[in-house]
Amino acid sequence: MKPVALYTDGACRGNPGPGGWGVVLIYGGVERELWGGEVETTNNRMEMTAVIKGLEALTRSCTVVVTTDSRYVMQGVTEWMPKWKLNGWRTAGRKAVKNVDLWRQLDQTLSHHQVSWEWVKGHAGHPFNERADRLANRGIDEMVDIT
């Protein structure tokens, strides 16, 4: 499987409010940028959407390193999601998992790849995380200009 580096970020102006997601995808030395936005959403949903959109952009199974500043997404996938699935997408407290639509979509998308996770502190100067953040904000700006 080909190695891919995926840098993702989400942004929201208000929470909920207009939000955007950004992705920098590096494959075989080629860089690709993706971004988009939603009128009314949350930061967590945009963080998840960035990972989903990045993985969906891959046309074949790959070995992917996802770098994110979202502990919510990383811990959700690596720690919480296996338990949620066993509990019928319910938390340990038997409550419905928030954002279950995106968790299910992310789970399905992850199944096509070998994925490992790297967390970086947001807004701390990591060049690709900063770039993904700019793309997420571009997604908000372009979506707001249209509406």
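The exchange below takes up some of the terms applied to this predicted model and the values behind them.

User: What does the numbering follow, and what is left out of the side-chain values?
Analyst: Residues are numbered from 1 along each chain as its sequence is written, and side-chain values use heavy atoms, with hydrogens and water left out. Since the model is predicted, local features need pLDDT of at least 70 and side-chain atom pairs count only at pLDDT 80 or more, whereas totals for chains, interfaces and linings use all residues.

User: Why is Leu55 called buried or exposed?
Analyst: Leu55 has a relative accessible area of 1%, and buried means under 20%, exposed over 50%, and partly exposed in between, with a 1.4 Å probe and protein chains only; Leu55 is therefore buried. Leu55 lies in helix H1, where helices are DSSP runs of H or I with at least four residues, strands are runs of E with at least two, and both are numbered from the N terminus. Leaving aside residues up to four places away in sequence, Leu55 touches Leu6, Val64, Leu106, Thr109, Leu110, His113 and Val115, contact meaning heavy atoms within 4.5 Å.

User: Which class does Gly88 fall into, and why?
Analyst: Gly88 has a relative accessible area of 49%, a value between the two limits, so Gly88 is called partly exposed. Gly88 is found in the loop between helix H2 (71-86) and helix H3 (100-110).

User: What makes the buried residues of H3 line one face of the helix?
Analyst: The buried residues of H3 are Leu102, Trp103, Leu106, Thr109 and Leu110. Seen down the axis of H3, they fall within an arc of 130°, so they line one face; the arc is that of the directions from the helix axis to the C-beta atoms. These buried residues pack against helix H1 (43-56), H2 and S5.

User: Why are S3 and S5 called edge strands?
Analyst: The five strands form an open sheet in the order S3-S2-S1-S4-S5, with mixed pairing. Strand S3 (30-41) and strand S5 (114-119) each pair on one side only, and two strands pair if DSSP finds at least two bridges between them.

User: How do you know that S2 and S3 pair?
Analyst: Strand S2 (residues 17-27) and S3 are joined in the antiparallel sense over 10 bridges, which, set against the requirement of at least two, means that they count as paired.

User: Why does Asn129 count as buried?
Analyst: Asn129, in helix H4 (residues 127-146), has 3% relative accessibility and therefore counts as buried.
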